[in-house]
Amino acid sequence: MNGALNRVVARLCRGARSLERALLVQHCMLCTAPSGDQPVCAPCTSGLEQLPPHCPCCAMPSPAGSVCGTCSTSAPWFDRTVAAWPYRFPLDRLVQALKFHARLQLAPWFASHLAERLPPFDVVMGLPLHRRRLAERGFNQAHEIARRIAPLRGVQVLSSGFERHRATGEQSHMPHDARAANVRGAFACTLRLHGVRVAVVDDVMTTGATLNEFAATLKRAGAAQVINCVVARTLF
Ligand SMILES: [Zn+2]
Ligand SMILES: [Zn+2]
């Protein structure tokens, strides 16, 4: 009797698992082909444009991947920038789908592509949003990615002890110098980070002014190294 019952239960469990797998099959957000348990299919993923040889510090294109002129004349506060892709079509659509349409299944996908590219670090954190922006959007896309990088690299994700206490407004149409002035003093950090290598996650790095200001805040809190970790880099 127990044997028969066990067999029935086992069969139900197998059925439930295959139903679950069938329901979990996703369709590629770029070409709509079935993409298994990933939001983007393998051919679309491998077809994404790669970054050309670039500066290890700011990820802007540079001859043979040397440190660029900008970083060698005035070194930014951050030590490195790891970017998964250039901010170009169609990757830009995916970045916007996470941020503006809450397609949260993209967060672990972005995280896995970033985790495999990052050099060693001790803790990871998402670039904080101002609390008003966070309330509007309901989530911080950078934190959503950061918290999924943490288990892949066996490190802790930090989610408190730092904030963006000043709203900086829309920066996308501002020139470089204006952006730097606009974000000055925007962040606060009460963490003690002495000797700690911090990976800071953001979705897109444009001029780097915001990430640079946050890196300065973390360095003042003692951080030994700040590594920017961005899904996409805008190339000028
Ligand atoms: Zn596809
Ligand atoms: Zn550079």
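In this predicted model, residue H113 has its place in helix α5. With a relative accessible area of 14%, H113 falls under the 20% limit that is used for burial, and the residue therefore counts as buried. When the neighbours within four places in sequence are left aside, H113 is in contact with two residues, T45 and W85. The helix that carries H113, α5, covers residues 106–115, and its surroundings are described below from three sides, namely helix α7, helix α4 and the sheet.

On the side of helix α7, which covers residues 141–153, the axes of α5 and α7 come within 8 Å and cross at roughly 50°. An angle of this kind lies outside the ranges for roughly parallel, roughly antiparallel and roughly perpendicular arrangements, and α5 and α7 are therefore oblique to each other. The crossing in which α5 passes α7 is right-handed. From α5, the residues A107, P108, F110, A111, S112, L114 and A115 take part in the contact, and they meet E144, I145, R148, I149, L152 and R153 of α7. Sorted by class, the contact of α5 with α7 is made up of 9 nonpolar, 1 polar and 3 charged residues.

Helix α4, residues 91–101, is a further partner of α5, and the axes of these two helices come within 10 Å while crossing at roughly 130°. This angle makes α4 oblique to α5. In the contact, L91, L94, V95, A97 and L98 of α4 meet L106, A107, W109 and F110 of α5. The residues of the contact of α4 with α5 comprise 9 nonpolar ones, with no polar and no charged residues among them. Residues A107 and F110 of α5 are listed in the contact with α4, and A107 and F110 are also listed in the contact with α7.

The sheet is open and has 5 strands, which follow one another in the order β1-β7-β6-β2-β3 with parallel pairing. Strands β1 and β3 (156–158) stand at the edges and have a single partner strand each, so that one side of each is left without a neighbour in the sheet. Between neighbouring strands of this sheet the average turn is 25°, with direction ignored. Helix α5 packs on the sheet, where it touches β1 and β7, and the direction of α5 makes about 125° with that of β1.

Although β1 is an edge strand of the sheet, 6 of its 7 residues (residues 80–86) are buried, so this strand is largely enclosed by the rest of the structure. Strand β1 is joined to strand β7, residues 225–233, by 6 bridges, and the two strands run parallel. Going along β1, T81 has N228 of β7 as its bridge partner, and V82 is partnered by C229 of β7.

For the chain as a whole, the secondary structure amounts to 9 helices and 7 strands. The C-alpha trace spans about 75 × 40 × 35 Å along its principal axes, and 44% of the 236 residues count as buried. Among the contacts in the chain with a separation of 6 or more, 69% are accounted for by residues 24 or more positions apart.

Note on methods
Residues numbered from 1 in each chain as written. Chains lettered and ligands numbered in written order. Predicted model: local features only at pLDDT ≥ 70, side-chain atom pairs only at ≥ 80, totals over all residues. Heavy atoms only, no water. Buried < 20%, exposed > 50% of the residue type's maximum accessible area, 1.4 Å probe, protein only. Helix = DSSP H or I, 4+ residues; strand = E, 2+ residues; numbered from the N terminus. Pairing = 2+ DSSP bridges. Axes fitted to C-alpha atoms, helices over the stretch in contact; angles between N-to-C directions. Parallel < 35°, antiparallel > 145°, perpendicular 65-115°, else oblique. Left-handed = near helix turned anticlockwise from the far one by under 90°. Contact = heavy atoms within 4.5 Å. Nonpolar A, V, L, I, M, F, W, Y, C, P; charged D, E, K, R; others polar.
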